[in-house]
Amino acid sequence: MTGTAEWLASIGLGEYAQRFAENAIDFSVVSDLTEQDLKDLGVLLGHRRKILRAIAELKSEALVSARTAAKPAPRDSAERRQLTVMFCDLVDSSALSVRLDPEDLRAVIGAYHDCIADVIARSEGVIARYMGDGVLAYFGYPQAHEDDAEQATRAGLALVDAVANLQTDIGTRLQVRVGIATGMVVVGDLTGEGAAKEQAVIGETPNLAARLQQFAEPGMVLISESTHQLTDGHFEYRDLGSVALKGWAEPIPAWQVLGISGVESRFEAQHKTRLTPLIGRDEEIELLLRRWRHAASGEGCVVVLTGEPGIGKSHIALALQERLQAEPHITLRHFCSAHHANSALYPFIANLERAARFERGETPTEKFAKLEALLLRFGADADRVVPALANLMSLPLCDRYRLPDMTPQTRKDMTLAAFLAQLEALAARQPVFVIFEDAHWADPTSLELLAVTLEKLPRLRVLLLITARPEFAPPWPGHAHVTTISLTRLSRRNGAALVERVTAGKTLPEEVMHQILARTDGVPLFVEELTKAVLETGLLQERDDHYTLSRPLPSMAIPTTLSASLMARLDRLAPVKYVAQIGAVVGREFSYELLSAVAELPRQTLEEALAQLVRAELIFCRGEIPRAVYTFKHALVRDAAESGLLKSRRATLHATIADVFEQQFPEIVEAQPETLALHLTEAGLFEKAGEYWLQAGRKAAMRSANLEAIAHLRKGIEVLAHLPDGARKDRRELDFQFALGPCLIATQGPASPHAVAIFVRARELCQRLVDPPEQLQIMFWLTTASVIRGELPVAEEMISALLELAEARGDRPTLLNAMRGQGMIRLFMGHLTGAHEVIVQAFEAFEASNEQDRLAARAAGQDAGVADLALMSWALWLLGRPDTALARLDTAIRRADAIGHPHSQAYGCYYASILHALRGEFLTAHGYAERCLALSEEHGFRQWRGLARAVRGISASFLDPSSAALAEIQAAMNEYRQRGLSTRHHRPIRAPEPGLVVEPSARSHARADRTGSCHNQPQ
């Protein structure tokens, strides 16, 4: 393929060649084109699909080519290197040649060679030569690995088993002998001619491996002393002592490898760059140490450390961790991520996975065993903690545990309680230092868990250090045990001291120091990184105790921003820059396995690039390759690396990352579909991204994580805008809008502008799709909005039509809601007797419904049974039956608590607060209003929050007329009105000020049939 014109012609789309040429699109950038790029070029939809498929095939061919290129290619220049050499020989091959027909022997040897080739390839070795029934293999050339000796030994054991299990028709079990040796060799000289040409290995190592193989018994793997030293601890051995080998004057030590050792370390090695001492933060560290002493003595404390990016929040956290190393304690670290701001409990789940030492390739059962062992080791209540956390991580329980069926909210409460119980168990053993980094990116559920933890902390031996950017607004109220520290920038003197720390005390030229301090403006990260960039430019010459400029300081020698500084450092080594940018596209944290799959670089090249990034202190490394995980030192470092990529290149990388997640990390796709959705969105693969955004939204909604669900679903709707118009797009958007409706009803109320906009849009989609099954429920949402806005005549017409349609179509869930809706409208219009009759019928219908229909009816936002009973209580009280009204309301509250549905609980509590206030029971009313408000604050129920505040204020003003509750009442009702909601029907209960009265008697309420002056309360 020589160019785009030929390529387009080969796929039957040569008519676009001129357009590609006009836009300077040559064959080198074809693979970077996205669907949006093709759309901008004016390529028709069908042709776009065809081109994108052809591009995918190009990428596949390129991958194959890359892998082929990674295989050893002949070299004309020799090199000196350490190499592990394996000789493998088939036992009794001479006897087989006598007994078998040559064709049969050929088949046996061919199967034997294929078996060896497969095993060697899987162990990343290279077959250098087939010698009849013998095979020579190299480990460490042409690509060296730090574990070549280990891989060769594993391959030797695998060969013994694989050949023994080889299926042949000769009636004899095949056996091999294996000899392995490691040592320095010269490799690369080409010997032989034509097909016999190969790279020779010169030295004693290949001869030693051959002699060890000859000494070995059938089915035995023998290794040399050097190989044993490199692999000691990974395997079990039998020391054969020194053996006499032909060609060696003295006996040579040898070991038989018996099998893989069971004592291989399961703990991650920590590879962290040593911290430079803090400068200008003595007061902050001293305060933290005082708080730690309080916590260690049993008075738990919280410190919130805030400051702009790069100001040193993480440095302080790590410095305190180092200061505490000499004291007995437990450290827990949680990291939030901008990419997981709507992934419920992401930082806590990631912490558990690290602590339990999960590894790729482990079965869910194996991971569960690790998790259970971790939790039990620290004294947690197994029955309380293990099932909840295992369920959160989608791990199957063993027979010892049982997880009963429960509502999403109950499961969520159980999970939060489990995390808290785990912390309590740890604190009972030793003082605990908890670091919670980047709280400004925390998901709502994690913040909820933090808020719950804060309440319990004063009784625990725990210091909780939270770091966040200035925009972070803590969702919890003020506490005496919470201290906030706002970090300020370094003074010029401290900035200069930090520069000298980086230069190891050597003085910089005055003009260089001046520019560094002027452009970094006291941000420690800027100072560190910019100073390092200056030292690496080659502009400075090192003297005894100072640096001098080798030439005048050019204008571009010192980058004007940190991003430019970081990119300049990355540009000096292309592999380092490429690897850093790929990691940046993945996120702040990335694993070696994922990076390796995406980058498709040779292993040694990739490892060297990562090592340079670690040495440059751009990233930290945790664990050993291939299980290593890398983290950018700061989010700002990651942003700078990513910003240097073209949009088209970023899109390509996001697409590759998404593909790797799907193919190699299915557990992440299952647990965090929003992660894949994000990468697909950035890649411009909008249709597929929409599928995962919808999955993520529904998953969050099932856990009552409504705020996260709304965020996911709105992102999904945004990506749909990129899809071509048509029924398919309308159908998918309706899925999103229908999933979004109940979440908005719960958090903002059914008459909020956002909710109504969703309902109206969903109705438009229903009209286009011609009577989809969601249509009736959407009609009910719109009817409810009209009720709350006080548009009762309009709502009455809508509900009558809806009832007829629901009955005609047999739509039981909608019928349950519509019957209650009709009762509510009659009640608010003052038709009390008719309202009560319809509501009773609605509840009877609910009682007669199956559980599936009851759950489906919650699309209205709350449980239909709770809503029926709550509304019935108001009708009964207005009809002069206060005791029966109270009984129905109590039943409603009990049901809401039994099903554990937060929005239904808030719904019932609000109705209860009103009823008790009308009965003159203001203390009880105040209690229900408080509970409704607490539920609303916890779950973001804005509608109930405003109404509950109003009722609480009214109740407080009756209990204590001198209180300042009137201002709260007015503010709450103003907020309610500003959101477009009607307060016209809130008359029977008023605050005690001149002209306002409360009418608690049944007789006064009977006047409602004449005046229509009843409570207007949202459905």
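**Salt bridges in the predicted model**

In this predicted model, a salt bridge brings together the side chains of Glu930 and Arg952, with an N to O distance of 3.5 Å. The two residues lie 22 positions apart and link distant parts of the chain, Glu930 belonging to helix H40 (residues 922-939) and Arg952 to helix H41 (residues 942-959). Glu930 is partly exposed, at 33% relative accessibility. Arg952 has a relative accessible area of 19% and is classed as buried, because the cut-off for that class is under 20%.

Salt bridges that share partners also connect Arg731, Arg732, Asp735 and Glu774 in one network. Within this group, Arg732 pairs with Asp735, and their closest N and O atoms are 3.5 Å apart. Both residues sit in helix H30 (residues 727-748), where a spacing of three residues means that about one helical turn separates them. Arg732 is partly exposed, with a relative accessibility of 25%, whereas Asp735 is buried at 15%.

A further pair within a single helix is formed by Arg154 and Glu150, whose closest N and O atoms lie 2.9 Å apart. These residues are four positions apart in helix H7 (residues 148-164), so about one helical turn lies between them. The arginine, Arg154, is partly exposed at 23% relative accessibility, while its partner Glu150 is buried at 12%.

Across the whole structure, the search finds 32 salt bridges, the pairs Glu930 and Arg952, Arg732 and Asp735, and Arg154 and Glu150 being among them.

How values were computed: Residues numbered from 1 in each chain as written. Predicted model: local features only at pLDDT ≥ 70, side-chain atom pairs only at ≥ 80, totals over all residues. Heavy atoms only, no water. Salt bridge = Lys/Arg side-chain N within 4 Å of Asp/Glu carboxyl O. Buried < 20%, exposed > 50% of the residue type's maximum accessible area, 1.4 Å probe, protein only.
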